[in-house]
Amino acid sequence: MSRRLLEAILSGKPTPPTTVEDDVESFLWVLVYAIYRRICFLDVDNSEEQKTLRRAFTKSFGGRTTEEILDARDTTIKRLTDSPLVIQHASAPLRYLLRQYQFTMVLAAERSYGTPLTINVSQHSAAFTHQSLLHALRSVLNQLCDHPE
């Protein structure tokens with residue numbers, strides 16, 4: 001579920017109609033969930049890094065309240081994209097897709113808390129639009145087809 005919809009639920013206001021941006025953000029959270037789950041339960045060395053990711057996974061996707069989920073999401077993407085396990089086990093195109101949207105998700109969090117931007121989002125992010133997601137996914141698929149290793 002998108003941050004905007006979660007915040008509406010948290011505030012007790014009626015849930016607003018779902019937009020394309022909400023759907024795209026929700027799709028990206030499903031993708032992040034799948035990547036986290038795969039990395040957390042890889043049959044690897046059970047390193048401290050993997051244990052840290054498991055704790056973050058549980059916190060990010062096992063929240064019992066809307067507030068817990070929103071709080072955990074603020075660092076979920078960054079923790080995942082910076083993880084050596086993701087760098088080692090995820091393809092370059094998939095890491096590219098995560099990075100494309102990482103900054104947009106950070107921007108959404110900063111807007112909701114009213115904090116100043118810490119990054120130049122316009123240079124790094126893709127908007128939560130159907131068209132931008134299609135473009136990013138086409139790029140990823142082309143990269144995978146060109147370099148399947």
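A residue counts as buried when its relative accessible area is under 20%, as exposed when that area is over 50%, and as partly exposed in between. The exercises below apply this scale to a predicted model.

**Exercise 1. Classify Trp29, Phe57 and Phe61 as buried, partly exposed or exposed.**

Step 1. Trp29 has a relative accessible area of 5%, so Trp29 is buried.

Step 2. Phe57 has a relative accessibility of 11% and therefore also counts as buried.

Step 3. For Phe61 the value is 27%, which makes this residue partly exposed.

**Exercise 2. Determine the geometry of the ring pair Trp29 and Phe61, and locate both residues in the chain.**

Step 1. A pair of aromatic rings is described by the distance of the centres and the angle of the planes. The structure holds six aromatic pairs.

Step 2. Between Trp29 and Phe61, the ring centres are 6.4 Å apart and the planes stand at 65°. Centres must lie within 6.5 Å for a pair, and planes over 60 degrees apart count as edge-to-face; the pair is therefore edge-to-face.

Step 3. Trp29 lies in helix α2 (residues 20-40) and Phe61 in helix α3 (residues 48-61). With their positions 32 residues apart, the pair links distant parts of the chain.

**Exercise 3. Characterise the pair Phe57 and Phe61, and name the cluster that includes these rings.**

Step 1. The centres of Phe57 and Phe61 are 5.6 Å apart, with 45° between the planes, and the pair is tilted.

Step 2. Both residues belong to helix α3; because they are four residues apart, about one helical turn separates them.

Step 3. Ring pairs join Phe57 and Phe61 with Trp29, Tyr33 and Tyr36 into a cluster.

**Exercise 4. Identify the residues of the largest nonpolar core that touch the most other members, and the element with the largest share.**

Step 1. The core has 24 residues, of which Val32, Tyr36, Ile39 and Leu80 touch the most other members.

Step 2. Two or more residues each come from α2, α3, α4 (66-81), α5 (84-89), α6 (92-113) and α8 (130-146).

Step 3. Helix α2 provides the largest share of this core, nine residues.

**Exercise 5. Describe the surroundings of Ile39 and its relation to Gln50.**

Step 1. Setting aside neighbours within four places in sequence, Ile39 is in contact with Gln50, Leu53, Leu85, Val86 and His89.

Step 2. Gln50 is found in helix α3. Its relative accessibility is 1%, so Gln50 counts as buried.

Step 3. The Gln50 side chain reaches the backbone oxygen of Ile39 at 3.2 Å.

Definitions and conventions:
Residues numbered from 1 in each chain as written. Predicted model: local features only at pLDDT ≥ 70, side-chain atom pairs only at ≥ 80, totals over all residues. Heavy atoms only, no water. Phe/Tyr/Trp six-rings, centres within 6.5 Å; stacked < 30°, edge-to-face > 60°. Buried < 20%, exposed > 50% of the residue type's maximum accessible area, 1.4 Å probe, protein only. Core = buried A, V, L, I, M, F, W, Y, C linked by side-chain atoms within 4.5 Å. Contact = heavy atoms within 4.5 Å. Polar contact = N/O pair within 3.5 Å; in protein donor to acceptor, adjacent residues only side chain to side chain.
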